[in-house]
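Colleague: I have a few questions about terms. Please set each value against its definition.

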Amino acid sequence: MKAAIIKRYGSADSLRIQDMPRPSLSDDEVLVRVRATSINPVDWKIREGSLKFLTGKDFPKVLGSDFSGEIVEAGANTNGYEPGQLVYGMNNAVKGGAYAEYLAVKISKLAPKPTSLSHEEAAAVPMAALTALQGLKKGGLRAGQHILVNGASGGVGSFAVQIARAYHASVTGVCSSRHVEMVQQLGADRVVNYEEESPLPNTPTYDLIFDAHGTMSFSKARKALREGGQFVSTLPSVDKVFWSVASKVMGDQGSHIIQVKVNPTDLSELRTLIDDGQIKPFIDSVFPLEDIDEAHRKSEEGHASGKIVVSLYAEDTGKK
Ligand SMILES: NC(=O)c1ccc[n+]([C@@H]2O[C@H](COP(=O)([O-])OP(=O)(O)OC[C@H]3O[C@@H](n4cnc5c(N)ncnc54)[C@H](OP(=O)(O)O)[C@@H]3O)[C@@H](O)[C@H]2O)c1
């Protein structure tokens, strides 16, 4: 099978397209013919070696978490999944494997694909939308809240704005001038251009601050939180680990770090929100597998509009 691999840690130039053996199946896995995958920042953090304490020194490595495709083989204990079913999901980023024509994956990491989306669109969903859903829920997402989403135009943020709106919260999205119109289109009630205005007011304004971009600190954000307000960040740091413990004993405002975990229940909730027309992936661009190095470079620039997708079947853009 064709796969994008790395034989060493390094820049996007280290990505190569190569023939690899098809992965073998365990009893609780299905073999998915991958039609599309998408880029998440963790992919290039692994590629450049920033997480080598987790990813080790075994090469070649096939990176990639997100996938959408068709089951071609099912292990003995796969709970009714069978060849021909269309699925989407997210493999553990450290394990990777989605930048390839075939992926062996546990059924706990997938769910039936949203019927209203093409494979390219469905592959844009899992990691970013799960992080948004789980992060907002960790912060106590409820109807009627006022929520600030920092990094509202990125993969995670673009889903967070839509999910918060679907839960009937009022949303302020933070982005640069180039993305103001996009964030309005996503449904934000208000948009703050961080190039012109500080996203954090000095008065208690928000019930929940979801920092999808991951660069805010709780110590600065808390002044903008109402009583009982919660702060959730996508990126760990020493400061944020401190505040996630300290905030529990200090008062009623809370600070949290989200670590996304795939599960069929949340994937199914996202599928329902998508097929009901309440949220949809915002696609920055679609690259063929052969140009995955370009897709990585674009993601590393840090200013994508929504998700960068990689198609393994560029000729097949029909919805299934
Ligand atoms: N903890 C977890 O489980 C988990 C899961 C998924 C992702 N993450 C992390 O979450 C972060 C975001 O992921 P992503 O997929 O959304 O990344 P992404 O799609 O690459 O995010 C790009 C967005 O970041 C925005 N941005 C850049 N500088 C900004 C700034 N100073 N303030 C506010 N927004 C800014 C950009 O908007 P402008 O172009 O308008 O500036 C752009 O739209 C990454 O660090 C990723 O590793 C963590």
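Modeller: Start with the shell around the ligand: 13 nonpolar, 18 polar and 1 charged residues. This is a predicted model: local features need pLDDT of at least 70, side-chain atom pairs pLDDT 80 or more, while totals for chains, interfaces and linings use all residues. Residues are numbered from 1 along each chain as its sequence is written.

Colleague: What makes a residue of the shell polar, nonpolar or charged?

Modeller: Residue type. Ala, Val, Leu, Ile, Met, Phe, Trp, Tyr, Cys and Pro count as nonpolar, Asp, Glu, Lys and Arg as charged, and the others, Gly among them, as polar.

Colleague: How many residues surround the ligand, and which are the closest?

Modeller: The shell has 32 residues, each with its C-beta atom, placed from the backbone, within 6 Å of the ligand. The closest are Gly 154, Gly 155, Ser 176, Val 260 and His 303.

Colleague: Why is the ligand shell said to lie between domain 1 and domain 2?

Modeller: Domain 1 (2-125 + 281-311) and domain 2 (128-257) both give residues to the shell, so it lies between them. The bounds come from an automatic or database domain assignment.

Colleague: What separates the domain centres, and how many residues are in contact?

Modeller: The centres, taken over C-alpha atoms, are 28 Å apart. Contact means C-beta atoms, placed from the backbone, within 7 Å. On that basis, 8 residues of domain 1 are in contact with 10 of domain 2. The domain 1 side has 4 nonpolar, 3 polar and 1 charged residues.

Colleague: Which residues does Ala 160 touch?

Modeller: Ala 132, Gly 135, Leu 136, Val 149, Phe 210 and Ala 212, not counting residues up to four places away in sequence.

Technical notes. Contact = placed C-beta atoms within 7 Å.
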